[in-house]
Amino acid sequence: MLMLPDYRVRQRDFLLEISRAMTAQLDLGEVLRLVLRASVLMLAGKVGLVALRGAEERFAVRAAFGVESARLEDLNARLHELMASASWRTDTAFLNVKLNQMAVLLDRSLRQSLFLPLMIGGELLGLIIIFRSYWVQTTENDEQILQSFADQAAIAVHNAQLYSRILYERKQLAAILDYSADGVMTLDPQLRIVGFNRAVERMTGWTAGDALGKDIDQVIVWAQLDKGDLQQAVIEGWPFRLQAGDSAETLYAEGEMQRRDGLTISLGITYAALLDDDGHLANIIANVRDITHFRRAQEMQNVFVSTVSHELKTPVAIIKGYAGTLRREDAAWDPQVVQQGLLVIEEESDRLTDLIENLLAAGKLRAEGMRLSIGDVDLRHMAQDVADRMQNQTALHHISVQFPDDFPLILGDVVRLRQVLDNLVGNAIKYSPNGGEITIGGDTDDRYVRVYVRDQGIGIPENELERIFDRFYRIDGAMSRKTNGAGLGLYLVRAIVETHGGSIRVKSKLGQGSTFYFTLPLEAQERNH
Ligand code: ADP
């Protein structure tokens, strides 16, 4: 029909219509079907193919008419061969040979092939190939019409490809956001939640389904807001008018947020404003971080500084007081007072040394782990030694040692293990202000020894049993205010025991006393802590 002049006007109308239909369509598959259908119709084709250039310059048939699908693989291979040759534009003879080979493969009745490249901006997107069962000479006019159709088709294909790429990228972005470890929320200009990823779900205890559409302050409920009030900032004109210290791009908020289940966590939220082309606020993207660990570490640092400075200042003040008193020239102290004063100075100096040693050990432990000097250790003997020395320092307590006679020697670090016993027995005395019985005992099986230190002191509340082994952790109470300590003893004890390959635990009853048990393998293999 193409060749008959009477049809020409109708052809142009048809072409216009089909162009509109093609360019209105964004679905690539649908565009290709339209292109194919129009080509076959216009050229009265018996067989039609639309192939697109894909990855690595390979052409593949993406829409076909009048072809069995079993033939497609073969066709693709031939297409590749045809297109890989640089001469297809100029070497029409080569092109014809290849197209004829294809035609024979498809249907022996085919007589003519037409080849329409789909070009955009000088780049080849794909091609349309039509085979007819009869042969007609094409005129220049026909070719112009066909070319303009192919140009329209190329635009439509290109748009649909761009659109599908955008869809893909949007899907990819959504997946990245959804699975990102950082929380991401999107807000509309009225501060309603329009995006809520999994990480924020986990942090806040809200599901995206429940949070979407809510005002941000219904979901992010601050129990305490330390800085960065979004609502207030927006009222004051953020992101267009800035307060001192704000940056145009972002606003940072930090505080304690009350989760949906009532628990609180520390959150840091960075809000970034997204403006549209007219400069209006389109969205706010909120990057949400759980900073609970960070804040706890900061808190620990503060506790550390205040405890340690207190712990250092007290003995220094006592030492200075006694030294000052003793050296007064106007007073003649009798020898007993001098002795007592010197004893206090000695004890306080020991306390300082212990504290500094513990601090150094804890610092070193964190920096480089612990190294053991392994040798034979007689724990039974060591326990007796510790008991004797400690007994000298207290009249309120009675310290006894109970080990079976066949208690074995173990392999371990003698200095460190002594530190363990010193700390445990020291604590037993310190935390039994009314005195009582303190027992150091042990038993063994064929692989491990177990040592315990038992007291009849104040005991430890159940919910504190785990935390007392943390660095700088002290139970808050009247007792901890009355006693000295930096909260390092049990931290070091556990590190030493675990480096030996053992473990430590505690049993306690409030008001009745505590027992600390630790195990050590008979042959300690140094294990990095
Ligand atoms: P410090 O004694 O310097 O505070 P530790 O790490 O040795 O630090 O102990 C941590 C906390 O555990 C103590 O502050 C105390 O509250 C508690 N604790 C340790 N040993 C005992 C014990 N035998 N009886 C009761 N409480 C104890």
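**Exercise 1. State whether Asp330 is buried or exposed, and describe its salt bridge.**

Solution. Asp330 has a relative accessibility of 63%, and it counts as exposed because the cut-off for that class is over 50%. The model is a predicted one. The partner of Asp330 in a salt bridge is Arg328, with 3.3 Å between the closest N and O atoms. Arg328 has a relative accessible area of 45%, so it is classed as partly exposed.

**Exercise 2. Work out which parts of the chain Arg295 ties together through its salt bridges with Glu254 and Glu256.**

Solution.
- Step 1. Begin with the whole structure, in which a search finds 21 salt bridges.
- Step 2. Take the first pair. Glu254 and Arg295 meet through their side chains in a salt bridge, at 2.9 Å from N to O. Glu254 belongs to strand 8 and Arg295 to helix 10 (residues 292–326), so this pair ties together parts that are 41 residues apart in sequence. Both Glu254 and Arg295 are buried.
- Step 3. Take the other pair. Between Arg295 and Glu256 there is a salt bridge whose closest N and O atoms are 2.6 Å apart. This pair again links distant parts of the chain, since Glu256 lies in strand 8 and Arg295 in helix 10, 39 residues apart. Glu256 is buried, as is Arg295.

**Exercise 3. Describe the surroundings of the ligand, giving the nearest residues, the polar contacts and the elements that supply the shell.**

Solution.
- Step 1. There are 19 residues around the ligand, and those that come nearest are Asn427, Tyr431, Asp455, Arg474 and Leu490.
- Step 2. Sort the shell by type: ten residues are nonpolar, six are polar and three are charged.
- Step 3. Assign elements. At least two residues of the shell come from each of helix 13 (414–430), helix 15 (489–499) and strand 17 (513–521).
- Step 4. List polar atom pairs. An oxygen atom of the ligand lies 2.8 Å from a polar side-chain atom of Tyr431. A side-chain N or O atom of Asp455 is 2.9 Å from a nitrogen atom of the ligand. Gly489 places a backbone N or O atom 3.3 Å from an oxygen atom of the ligand.
- Step 5. Consider cover. On its own the ligand has 530 Å² of accessible area, and the protein covers 96% of it.

**Exercise 4. Locate Glu56 and Leu191, and decide whether each is buried or exposed.**

Solution.
- Step 1. Glu56 has a phi near 55°, which is positive although the residue is not glycine. It sits in the loop between strand 1 (47–53) and strand 2 (59–65). With a relative accessible area of 73%, Glu56 is exposed.
- Step 2. Leu191 also has a positive phi without being glycine, near 65°. The loop between strand 5 (183–187) and strand 6 (193–196) holds Leu191. Its relative accessible area is 9%, so Leu191 is buried.

**Exercise 5. Place Pro239 and Arg259 in the chain and describe one bond or contact of each.**

Solution.
- Step 1. Pro239 is in the loop between helix 9 (230–235) and strand 8. The peptide bond that joins Trp238 and Pro239 is cis, with omega about 5°.
- Step 2. Arg259 is in the loop between strand 8 (250–258) and strand 9 (264–275). Its relative accessible area is 17%, so Arg259 is buried. The side chains of Arg259 and Asp261 are joined by a polar contact of 2.7 Å.

Methods:
Residues are numbered from 1 along each chain as its sequence is written. This is a predicted model: local features need pLDDT of at least 70, side-chain atom pairs count only at pLDDT 80 or more; totals for chains, interfaces and linings use all residues. Side-chain values use heavy atoms; hydrogens and water are left out. A residue is near a molecule or strand if one of its heavy atoms lies within 4 Å of it. A polar contact is a pair of N or O atoms within 3.5 Å; within protein, one must be able to donate a hydrogen and the other to accept it, and residues adjacent in sequence count only if both atoms are side-chain atoms. Accessible areas come from the Shrake-Rupley method with a 1.4 Å probe; for residues, only the protein chains shown count as cover. Helices (H or I, at least four residues) and strands (E, at least two) are DSSP runs, numbered from the N terminus. Ala, Val, Leu, Ile, Met, Phe, Trp, Tyr, Cys and Pro count as nonpolar, Asp, Glu, Lys and Arg as charged, and the others, Gly among them, as polar. Buried means under 20% relative accessible area, exposed over 50%, partly exposed in between (1.4 Å probe, protein chains only). A salt bridge is a side-chain nitrogen of Lys or Arg within 4 Å of a carboxyl oxygen of Asp or Glu.
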